[in-house]
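Me: Could you walk me through reading a sheet? I would like the general idea, then the case at hand.

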Amino acid sequence: MNKPVNPGQDGIAALLQGARSFREREYREPESLMPGLSAGQQPKAMMIACADSRVDPALIFGARPGDLLVVRVVANLVPPPDTDSMDSGVMSAVELGLKILAIPHLVVCGHSSCAGVRTALDQALRGVTPDSVPARHEALRNSDPDACCLRDWTSVAEAACHEVIAGHDGLSAEELARHAEQRSILKSLENLRANRWLQDLESSGALTLHGWWFDIASGDLWIADPETGIYSSHAPS
Ligand SMILES: [Zn+2]
């Protein structure tokens, strides 16, 4: 009698095969990096990226082990310092990267078709204002605990969504989402700079902040101008 097929097993088997291939490549070849990295790390850059399965920074940017310190959270958000919720995970990683490892570049990297920003945009389009967020969170906790964490977290992006809605009449849903995704990245950079120690690092020239947005459909990378916040395409040549 055949065993019932568990559709999840194919995915797990592929992951286990991936671990075997990684070990072959990164531990046994002459140019393997991993054994040497057991002594420590000195990444060239740090990136705050989305948890989305399609936008793995190491794959997109060709990073090797040890190159890139990555924090992946839904919608690549950095909450403002006065947020009394679950923001310590992101900022603890930022402290590790910038204070302890002295990484000279920090990139906030968003992307197209971001479900996290979409959640925030939907709330903003319903007319939910940032002032009402705490009361709504309380209601969510009481009535819909499963939805609470995602909406709590993505409410960080709602201020950017409100600005985009107010400033852009007549855009398609796709264009509105792109503007919200890109504006939200700039907000996260503002929230990083609201930490005095981080601002001091930037002012001294020891740290450069970057805002990037990756277009899944085309593979183009859009880079925010550090002065104006206007994005321009950095299409691979
Ligand atoms: Zn996303």
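**Reading the sheet**

Reply: Happily! Let us start with one pair of residues: His105 has Thr208 in β4 as its bridge partner. This is a predicted model, where local features need pLDDT of at least 70, side-chain atom pairs count only at pLDDT 80 or more, and totals for chains, interfaces and linings use all residues. Residues are numbered from 1 along each chain as its sequence is written.

Me: In which sense do β3 and β4 pair?

Reply: Strands of a sheet pair through backbone hydrogen bonds, either parallel or antiparallel. Here β3 (residues 105-111) and β4 pair in the parallel sense, over seven bridges. Strands are DSSP runs (E, at least two residues), numbered from the N terminus, and two of them pair if DSSP finds at least two bridges between them.

Me: And how do β4 and β5 pair?

Reply: β4 (residues 208-214) and β5 (residues 221-224) are antiparallel, over three bridges. One contact to look at is Trp212, whose bridge partner in β5 is Ile223. The two strands form a hairpin with six residues between them, and Gly219 in the turn has a positive phi of about 85°.

Me: What is the strand order of the open sheet?

Reply: The six strands run β2-β1-β3-β4-β5-β6, with mixed pairing. At the edges, β2 (68-72) and β6 (231-233) each pair on one side only.

How values were computed. Helices (H or I, at least four residues) and strands (E, at least two) are DSSP runs, numbered from the N terminus.
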